[in-house]
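Me: I am just starting to read protein structures, and I would like a close look at one part rather than a quick tour of everything. Could you pick a region and walk me through it slowly?

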Amino acid sequence: MRSKDYGNDVLSGDWRRPRKGRIPEVPAEPGLVAEDPDSGFCGAVVACDKFGVTLEDRFGKRRVFPLTKSGFLIDGAPVTLVRPRAAPRGSARSASGSVAVQGLRARVAEESRIYVEGLHDAELVEKIWGHDLRVEGVVVEYLEGVDDLPAIVEEFDPGEGRRLGVLVDHLVEGSKETRIAARVSSPHVLVTGHPFIDIWEAVKPAAVGIPAWPRVPRGVPWKEGVLDALGWDGGTGAAWKRILGSVSTYTDLEPALLGRVEELIDFVTAAQAS
């Protein structure tokens with residue numbers, strides 16, 4: 001789950017002592033990706049309380065770490081993770097865990113955009129982050145695949161104040177999607193993704209009421225293989241309606257997706273704030 005190459009010297013010398021200034025305190029919000037430098041364990045925050053912070057790696061393994069001063073790395077830099085501030089009493093939370101803006105009127109859409117691969121991806125992002133996106137004036141569009149991503153990025157014409165974030169399925173070493181993403185290079189474009197073959201798999205099995213997502217043999221279309229293995233009738237449309245209906249908050253999604261969507265929202269909204 002390392003989003004960046006931290007280099008070879010991260011732990012050389014006293015890494016906990018900053019060269020300049022003080023080490024920042026960062027709220028351990030759900031989906032934040034951090035690394036414990038002593039063990040090398042890297043994962044997304046799934047819980048934080050007075051006993052410590054729980055990180056979950058891309059394989060679903062969880063570990064609890066104490067909230068020690070300068071105890072973690074984020075993007076290779078030492079930070080102190082702290083418990084997020086509790087929302088003011090009576091404040092509602094959106095599905096993403098953010099404080100809901102009461103009486104929200106959606107902002108006029110900004111030029112920056114987030115692209116996702118398919119309709120199911122867009123519907124899931126809307127269900128969990130829709131409130132946040134309307135607060136920021138960010139529009140999510142779906143591409144029906146990323147095979148033509150370089151041409152799509154060129155047509156979008158990214159630039160200052162016009163950023164593009166792209167969420168890609170199955171962005172793992174050696175995949176077709178990774179090779180396509182590598183062909184996109186622009187400081188105004190962020191292409192990131194999750195390791196799952198399909199967005200369905202980013203929904204936690206427990207939320208759907210299954211023990212695990214089935215392993216589908218090579219050569220078998222993944223969605224159809226899942227339906228056969230689970231014995232679900234009605235086709236992929238009915239299956240997706242069932243899956244999406246089981247999702248109500250960010251806790252129903254895998255951290256590997258949560259972190260990436262939050263990263264894209266931060267990237268495109270940074271251009272609007274500047």
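Reply: Let us begin with one term: a residue counts as buried when its relative accessible area is under 20%, and as exposed when that area is over 50%. Please also keep in mind that this is a predicted model.

With that cut-off in hand, take His120, which lies in helix α1. Its relative accessibility is 17%, under the 20% limit, so His120 counts as buried. Which residues does His120 touch, once those up to four places away in sequence are set aside? They are Ile199, Trp200, Lys223 and Trp240. You can find each of these partners in the structure by its number, starting from His120.

Now step back from His120 to the helix that holds it. Before turning to what α1 packs on, it helps to know the sheet itself. It is an open sheet of four strands, in the order β9-β8-β10-β11, and its pairing is parallel. At the edges stand β9 (139-142) and β11 (189-193), each of which pairs on one side only. On average, neighbouring strands of this sheet are turned by 20° against each other, if direction is ignored. Helix α1, which runs over residues 119-136, packs on this sheet and touches β8 (113-116) and β9. The direction of the helix makes an angle of about 175° with that of β9.

A word of background: strands of a sheet pair through backbone hydrogen bonds, and they can do this in a parallel or an antiparallel way. Here is one pair to follow by eye: β10 and β11 are joined in the parallel sense over five bridges. Within that pair, Val166 stands opposite Val191 of β11.

Strand β10 covers residues 164-168 and includes Val168. Is Val168 buried or exposed? With a relative accessibility of 1%, under the 20% limit, Val168 counts as buried. What is Val168 in contact with, beyond its neighbours within four places in sequence? Among its partners are Val191, Thr192, Gly193 and His194, and the first three of those numbers fall in the range of β11 (189-193). Glu117, Val146 and Glu177 are in contact with Val168 too. For a sense of how the chain folds back, look at Val168 and Ile199: they are 31 residues apart in sequence, yet their C-alpha atoms are 9.5 Å apart in space. Ile199 is also one of the residues that His120 touches, which takes us back to where we started.

Next, let us look for empty space. Rolling a probe the size of a water molecule over the atoms shows where such space is left. The structure holds one cavity of 30 Å³ or more, and the largest cavity contains about 30 Å³ of space. Its lining is made of Ile114, Val116, Val125, Leu167, Val261 and Leu264. Strand β8 and helix α7 each supply at least two of these lining residues. What kinds of residues form this lining? There are six nonpolar residues, with no polar and no charged ones.

Helix α7 (255-273) also helps to line an open space, the second largest pocket, and so does α4 (205-208): each supplies at least two residues of that lining. This pocket has a volume of about 650 Å³. It is lined by 22 residues, and the closest to its centre are Arg58, Phe196, Glu201, Trp213 and Arg215. By type, the lining divides into 15 nonpolar residues, one polar and six charged. You can compare that with the cavity, whose lining has no charged residues.

Finally, here is how this region sits in the whole. The protein has seven helices and eleven strands. Of its 274 residues, 46% count as buried, and you have now met two of them, His120 and Val168. Among contacts between residues at least 6 apart in sequence, 67% join residues at least 24 apart. A good way to review is to trace the sheet once more in its order, β9-β8-β10-β11, and then to find α1 packed on it.

Terms used. Residues are numbered from 1 along each chain as its sequence is written. This is a predicted model: local features need pLDDT of at least 70, side-chain atom pairs count only at pLDDT 80 or more; totals for chains, interfaces and linings use all residues. Side-chain values use heavy atoms; hydrogens and water are left out. On a 1 Å grid over the protein atoms alone, a cavity is a set of points where a 1.4 Å probe fits but cannot get out, and a pocket is an open set with protein on both sides within 12 Å along at least five of seven lines; lining residues have an atom within 4 Å of a point. Grid points are joined across faces, edges and corners, and a volume is the space filled by probe spheres set on the points. Ala, Val, Leu, Ile, Met, Phe, Trp, Tyr, Cys and Pro count as nonpolar, Asp, Glu, Lys and Arg as charged, and the others, Gly among them, as polar. Buried means under 20% relative accessible area, exposed over 50%, partly exposed in between (1.4 Å probe, protein chains only). Contact means heavy atoms within 4.5 Å. Two strands pair if DSSP finds at least two bridges between them. Axes are lines fitted to C-alpha atoms, for helices over the stretch in contact, and angles run from 0 to 180 degrees between N-to-C directions.
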